[in-house]
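This report describes a single protein chain, beginning with individual helices and ending with the chain as a whole. The sequence and the structure are shown below.

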Amino acid sequence: MKKKIMFTGGGSAGHVTVNLALIPLFRQEGWAVEYIGSVNGIERELVSPLPDVAYFPISTGKLRRYLDWQNAKDPFRIAKGVYQAYRLIRRRKPDIVFSKGGFVSVPVVIGAWLNRVPVIIHESDITPGLANRIAIPMAEAVCTTFPEAAAHIGKGKGRHVGAVIRNELKQGSAAAGRKLCGFTPGKPVLLVMGGSLGAQSINRAVRQALPELTEAFQVVHLCGKGQLDPALTLPGYCQFEYVRDELPDVLAMSDLVITRAGSNSIFEFLSLRKPMLLIPLTRQQSRGDQILNAHSFEKAGYAEVLEEEGLSPQTLLERVRALHAHRDAYVSAMASGQKTDALAEVFKLIKETAKYR
């Protein structure tokens, strides 16, 4: 019988991208590949089109840190999800479960643990998120992107592997990207990306600064679902809610990036040597992981950081101009950074762990 792996993770694209990088490797080696995600999450949208990957939706609650009336219902949703995941894993009999985190992963990890199926977790940030903190005691190992993360993980479980990067991101065509956006060669391209769900504050500042930005740059703006502005038709400005298949081409043509500081995205930009202006989520909006990520990259010389509290059209323009002026120094720092084949290392660890199932 061929081996079977079950993936989980969702809630945002960042909790899916590592899985998307690993899935083709397992399919190439003849493994059966399955995925447990939420009913309506972005993970279903990203995974369902993949050939030969069975997707199983389960009930899930959101692990909130704030008061909300939905908090009263979520324990019942999570309990239902644990039951569904337990039954699925018992029936489907995977050799191993790989979890990228996000709230949907908690019932799956619990279900795997109850079935005595080994679990490998991936943690992208310096400090584990709430879902992974709950799941880590039930895991065999935790793969980390930042070496600093080891201090926050149980003794003996942490494996610093570096950033897992999707191979297809390195295969884009700048010419295809320019054709998609209607851009011309010779004028630098600025990519604005607020994450898979968008970022209203970044969108607003960028749009207010567009007359000045488009004097020096062509701007491609991935603004998030429901955040397009059809009234904006400036020459040299192109906007999309989100791109998937065309993303490698968009990245290949881009010279600079304005982005949040989610770990998966910024490491992808690092691997492609794209100087970044990072605008992390505030502590009021998150647990502060993006602030830690951003300042780690700033210290390494990979990025400029602009705190959201200081974000305005004018500060955005100033920082973008500074980033462009010093772009060669940023590219040089990225080129000399530590190089690891994290994808191969995680792939190997999963197979070795499943071998003893």
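In helix α9 of this predicted model, the buried residues are S263, N264, I266, F267, E268, F269 and L270. The helix spans residues 263-271 and is mostly covered, with 7 of its 9 residues buried. Immediately after α9, R273 adopts a positive phi of about 60 degrees.

Helix α4 can be described in similar terms. It comprises residues 105-114, of which 8 of 10 are buried, so the helix is largely enclosed by the rest of the structure. The buried positions of α4 are S105, V106, P107, V108, V109, I110, G111 and A112. Just after α4, R116 takes a positive phi of about 60 degrees.

**Strand β2 and its partners**

Strand β2 covers residues 32-38, and 7 of its 7 residues are buried, so the strand is largely enclosed by the rest of the structure. Strand β1 (residues 4-8) runs parallel to β2 and is joined to it by 5 bridges. Within this pairing, M6 has E34 of β2 as its bridge partner. The connection from β1 to β2 passes through helix α1 (residues 17-28), and this β-α-β crossover is right-handed.

Strand β2 also pairs with β3 (residues 53-58), in the parallel sense and over 6 bridges. Here I36 stands opposite F56 of β3. The chain passes from β2 to β3 through helix α2 (residues 42-47), and this β-α-β crossover is likewise right-handed.

V33 is located in β2. What does V33 touch beyond the residues up to four places away in sequence? Its contacts are I5, F7, I23, F26, R27, D52, V53 and A54. I5 and F7 fall within the residue range of β1, I23, F26 and R27 within that of α1, and V53 and A54 within that of β3. The relative accessible area of V33 is 4%, and the residue is buried. The C-alpha atoms of V33 and Y55 are 9.2 Å apart in space, while the two residues are 22 positions apart in sequence.

**Buried polar residues S254 and Q239**

S254 occupies the loop between α8 (247-253) and β11 (256-259). Is S254 buried or exposed? With a relative accessible area of 2%, S254 is buried. A polar atom of its side chain lies 2.7 Å from the backbone oxygen of V250. Apart from neighbours within four places in sequence, S254 is in contact with V189, L191, V220 and K274.

Q239 belongs to strand β10 (residues 237-240). Its relative accessible area is 17%, and because the cut-off for burial is under 20%, Q239 counts as buried. The side chain of Q239 makes a polar contact with the side chain of R207 at 3.0 Å, and the Q239 side chain also reaches the backbone oxygen of D229 at 2.7 Å. When residues up to four places away in sequence are set aside, Q239 touches R207, H221, C223, L228, D229, P230 and L232. R207 and D229, the partners named above, are thus among the residues in contact with Q239.

The relative accessible areas of the three residues treated individually are collected here.

| Residue | Relative accessible area | State |
|---|---|---|
| V33 | 4% | buried |
| S254 | 2% | buried |
| Q239 | 17% | buried |

**The chain as a whole**

The chain contains 13 helices and 13 strands. Its radius of gyration is 20 Å, close to the 21 Å that the globule rule gives for 357 residues, so the chain is as compact as a globular protein of that length. Along the principal axes, the C-alpha atoms fill a box of roughly 60 × 45 × 40 Å.

Of the 357 residues in the chain, 55% are buried. Among the chain's contacts with a separation of 6 or more, 64% are made by residues 24 or more positions apart. The exposed area of the chain is about 16,200 Å², and carbon and sulfur atoms supply 52% of it.

Technical notes:
Residues numbered from 1 in each chain as written. Predicted model: local features only at pLDDT ≥ 70, side-chain atom pairs only at ≥ 80, totals over all residues. Heavy atoms only, no water. Buried < 20%, exposed > 50% of the residue type's maximum accessible area, 1.4 Å probe, protein only. Helix = DSSP H or I, 4+ residues; strand = E, 2+ residues; numbered from the N terminus. Pairing = 2+ DSSP bridges. Right-handed = clockwise from strand over helix to strand, strands pointing away. Rg over C-alpha atoms; globule rule 2.2 N^0.38 Å. Contact = heavy atoms within 4.5 Å. Areas by Shrake-Rupley, 256 points an atom, 1.4 Å probe, with all protein chains shown as cover. Polar contact = N/O pair within 3.5 Å; in protein donor to acceptor, adjacent residues only side chain to side chain.
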